[in-house]
Amino acid sequence: VAGFQLALRAQGSFKSKRRLRGPADVYERLWARLASLEQEVFVVLALDVRGQVIDEIEIARGSVSGVEVHPREVFKPLLRRAAFACVVAHNHPSGDPEPSPEDLDLTDRLAQVGRLVGIELVDHIVIAKGGFSSMADRLLRA
């Protein structure tokens with residue numbers, strides 16, 4: 001078990017230096033951590049100007065059907081780390097990656113706050129056992 005944990009940590013430090021090229025990269029990075037949880041967990045990836053991950057920060061843990069997230073809690077650690085941009089993600093324990101109306105509303109609020117503080121919200125990814133959904137992809141298709 002200890003060896004397995006060390007391998008996971010080493011993999012995490014390797015992944016932290018990778019550039020995110022799209023929603024599939026975010027899914028690949030976070031799937032093992034989030035997909036099988038029985039409660040919703042909301043994380044933010046702080047990005048530098050080249051799109052490389054500076055840090056991966058857990059913002060909140062919720063229940064099986066939701067997680068309460070405040071924009072101030074998302075942007076506070078990003079400001080401390082001098083992030084250029086960010087990607088947020090959370091899981092759906094139900095296995096369905098379809099975003100809820102609350103997810104869409106939160107994405108809009110986070111994008112507005114990001115514009116105000118100068119940290120671009122690149123995407124909001126919903127991760128589930130059944131795959132993932134990208135809010136940025138949804139907007140491009142709309």
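**Cores and a one-sided helix**

Of the 142 residues in the protein, 44% are buried. The model described here is a predicted one. Its secondary structure amounts to 5 helices and 5 strands, arranged along the sequence in the pattern α-α-β-β-α-β-α-β-β-α. Where contacts link residues at least 6 apart in sequence, 66% of them join residues at least 24 apart. The protein exposes about 8100 Å², and carbon and sulfur atoms supply 55% of that area.

A good place to begin a tour of the interior is the largest nonpolar core, which has 19 residues. Those with the most contacts inside this core are Phe42, Val44, Ile59, Val69, Val74, Leu78 and Leu110. Two or more residues each come from strands S1 (41-47), S2 (53-61) and S3 (85-91) and from helices H3 (71-80) and H4 (101-117). Apart from this core lies another, of 16 residues, including Tyr27, Leu30, Leu34 and Ala85. Val69, back in the largest core, touches Phe42, Ile59, Ala60, Val74, Leu106 and Arg109, leaving aside residues up to four places away in sequence. In soluble globular proteins, nonpolar side chains tend to be buried together.

Helix H3 deserves a closer look. Its buried residues are Pro71, Val74, Phe75, Pro77 and Leu78. Viewed down the axis of H3, these buried residues fall within an arc of 160°, so they line one face of the helix. Arg72 and Arg80, on the other side of H3, are exposed. The cover over the buried residues of H3 includes S1, S2, S3 and H4. Just after H3, Ala82 adopts a positive phi of about 55°.

Definitions and conventions. Residues numbered from 1 in each chain as written. Predicted model: local features only at pLDDT ≥ 70, side-chain atom pairs only at ≥ 80, totals over all residues. Heavy atoms only, no water. Helix = DSSP H or I, 4+ residues; strand = E, 2+ residues; numbered from the N terminus. Buried < 20%, exposed > 50% of the residue type's maximum accessible area, 1.4 Å probe, protein only. Contact = heavy atoms within 4.5 Å. Areas by Shrake-Rupley, 256 points an atom, 1.4 Å probe, with all protein chains shown as cover. Core = buried A, V, L, I, M, F, W, Y, C linked by side-chain atoms within 4.5 Å. Arc of directions from axis to C-beta.
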